[in-house]
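Work through the exercises below with the structure open beside you. Each task is followed by a solution in steps.

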Amino acid sequence: MKKLYAVVLLYNVSISDSITCKNLKKIRAENLKIIILDNSTKNFHNDEICQKEGYIYINMGGNRGISIAYNKAIDFLLTIENTIEEDYIIWLDDDTEITEEYFKILNKEIINKVDVDIFAPIVYGQDGIIYSPNKAGFIKNKLVKNEKDIENITKFNAINSCLCVKLKVYSNYKYDEILFLDQTDQNFFDDMRLRRAKFCVLNTVIHQNFSQRGENLNPQKMLLRYEIRVKDIMRYGRKSILNTIKSLIKSCGLAVQMGIKCRYLRIVTRCFGIAIKMFFYNIRNLITRRVK
């Protein structure tokens, strides 16, 4: 049986309080090994808890972003841990309702579908909408209306939460470290589709609480969250003039949407300003590159 490395990315939370870690502790899977990627800016003594629980602990020394943290875990597995290319990494947030059923179905599918590179479960948000997998769109990804529509997805796309990836994929691939947060998974799937990676949807459901989908959102926290998101979207679009234009439209649209939801105009004005500034920065760099 192939090894599964569950990599939990923590941000300012104790392992003892992490929903994901609490659930993992209940799961019985002989081939499962847990790695804690600690992106926290405060000391929760997670290293001591890991030592007690027998987890691997990687301290990022502060919030370095998702891409850098993921690459750190990949480097560890490829260079330090005794792994083989046929082992698997499972990427997990710290607040995911991971289930034992997920691991049972995953292990079965790994045996039956040895040619598959990436396994993704069906992820529902707290609003009852399926957010993953979905179809990559021109500006906005297209969500499926029900589980039956999943098998018809073209341009396969998914979120990182509970994504299981064959370690072999990372033998010649690293996450784009310019991306800090939201666009990490989008860029990953763009690259995997170009590489003709094989995807499989696991017939199991994961329920995820997305911070942006909740009610009674804190406007100031959402402002900080969307500043980071807009920067990520604009960095994601830096590869071409068309992508930069698409990213500008998406950034402004999302800012308006969240500004209305939070009833906080500053989200709109602040994020518009960031997006427009980065738009011209991207365009200038693209033109300079073409001239050279």
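A residue counts as exposed when its relative accessible area is over 50%, as buried when that area is under 20%, and as partly exposed in between. The model is predicted.

**Exercise 1. Backbone angles out of the ordinary**

Task: Find where Arg196 lies, state the sign of its phi, and decide whether the residue is buried or exposed.

Solution.
- Step 1. Arg196 sits in the loop between α5 (183–194) and β10 (199–207).
- Step 2. Its phi is positive, about 60 degrees, although Arg196 is not a glycine.
- Step 3. Most residues other than glycine have a negative phi, and most peptide bonds are trans.
- Step 4. The relative accessible area of Arg196 is 73%, so the residue is exposed.

Task: Do the same for His45.

Solution.
- Step 1. His45 belongs to the loop between β2 and α2.
- Step 2. Phi of His45 is positive, near 60 degrees, and the residue is not a glycine.
- Step 3. With a relative accessibility of 40%, His45 is classed as partly exposed.

Task: What is the form of the peptide bond from Ser132 to Pro133, and where is Pro133 found?

Solution.
- Step 1. Omega of this bond is near 0 degrees, and the bond is cis.
- Step 2. Pro133 is in the loop between β6 (130–132) and β7 (134–135).

**Exercise 2. The two sides of a helix**

Task: Sort residues of helix α2 into buried and exposed, and explain how the buried ones are arranged.

Solution.
- Step 1. Helix α2 covers residues 46–53, and Asn46, Ile49 and Cys50 are buried in this helix.
- Step 2. These residues lie on the same side of α2, because they cover an arc of only 100 degrees around the axis.
- Step 3. An α-helix has 3.6 residues a turn, so residues three or four places apart point the same way.
- Step 4. Gln51 and Lys52 are exposed on the other side of α2.
- Step 5. The partners of the buried residues of α2 are β1 (4–10), β2 (32–38) and β3 (56–59).
- Step 6. Asn46 has 1% relative accessibility and therefore counts as buried. Leaving out residues up to four places away in sequence, its contacts are Leu10, Val13, Ser14, Ile15, Asp38 and Tyr57.
- Step 7. Just after α2 comes Gly54, with a positive phi of about 80 degrees.

Task: Repeat the sorting for helix α1.

Solution.
- Step 1. Helix α1 (residues 19–26) has Thr20, Cys21, Asn23 and Leu24 as its buried residues.
- Step 2. Seen down the axis of α1, they fall within an arc of 160 degrees, so they line one face.
- Step 3. Lys25 and Lys26 are exposed, on the face turned away from the buried side of α1.
- Step 4. The buried residues of α1 pack against β1, β2, β4 (88–92) and α4 (100–112).

**Exercise 3. The chain as a whole**

Task: Why does the radius of gyration agree with a compact globule?

Solution.
- Step 1. The protein chain comes to 8 helices and 10 strands.
- Step 2. For 292 residues, a compact globule would have a radius of gyration near 19 Å; the protein chain has 19 Å, which agrees.
- Step 3. The C-alpha trace spans about 50 × 45 × 40 Å along its principal axes.
- Step 4. Of the 292 residues, 53% are buried.
- Step 5. Among contacts between residues at least 6 apart in sequence, 72% join residues at least 24 apart.

Notes: Residues are numbered from 1 along each chain as its sequence is written. This is a predicted model: local features need pLDDT of at least 70, side-chain atom pairs count only at pLDDT 80 or more; totals for chains, interfaces and linings use all residues. Side-chain values use heavy atoms; hydrogens and water are left out. Helices (H or I, at least four residues) and strands (E, at least two) are DSSP runs, numbered from the N terminus. The radius of gyration is taken over C-alpha atoms; the globule rule is 2.2 Å times the number of residues to the power 0.38. Buried means under 20% relative accessible area, exposed over 50%, partly exposed in between (1.4 Å probe, protein chains only). Contact means heavy atoms within 4.5 Å. The arc is that of the directions from the helix axis to the C-beta atoms.
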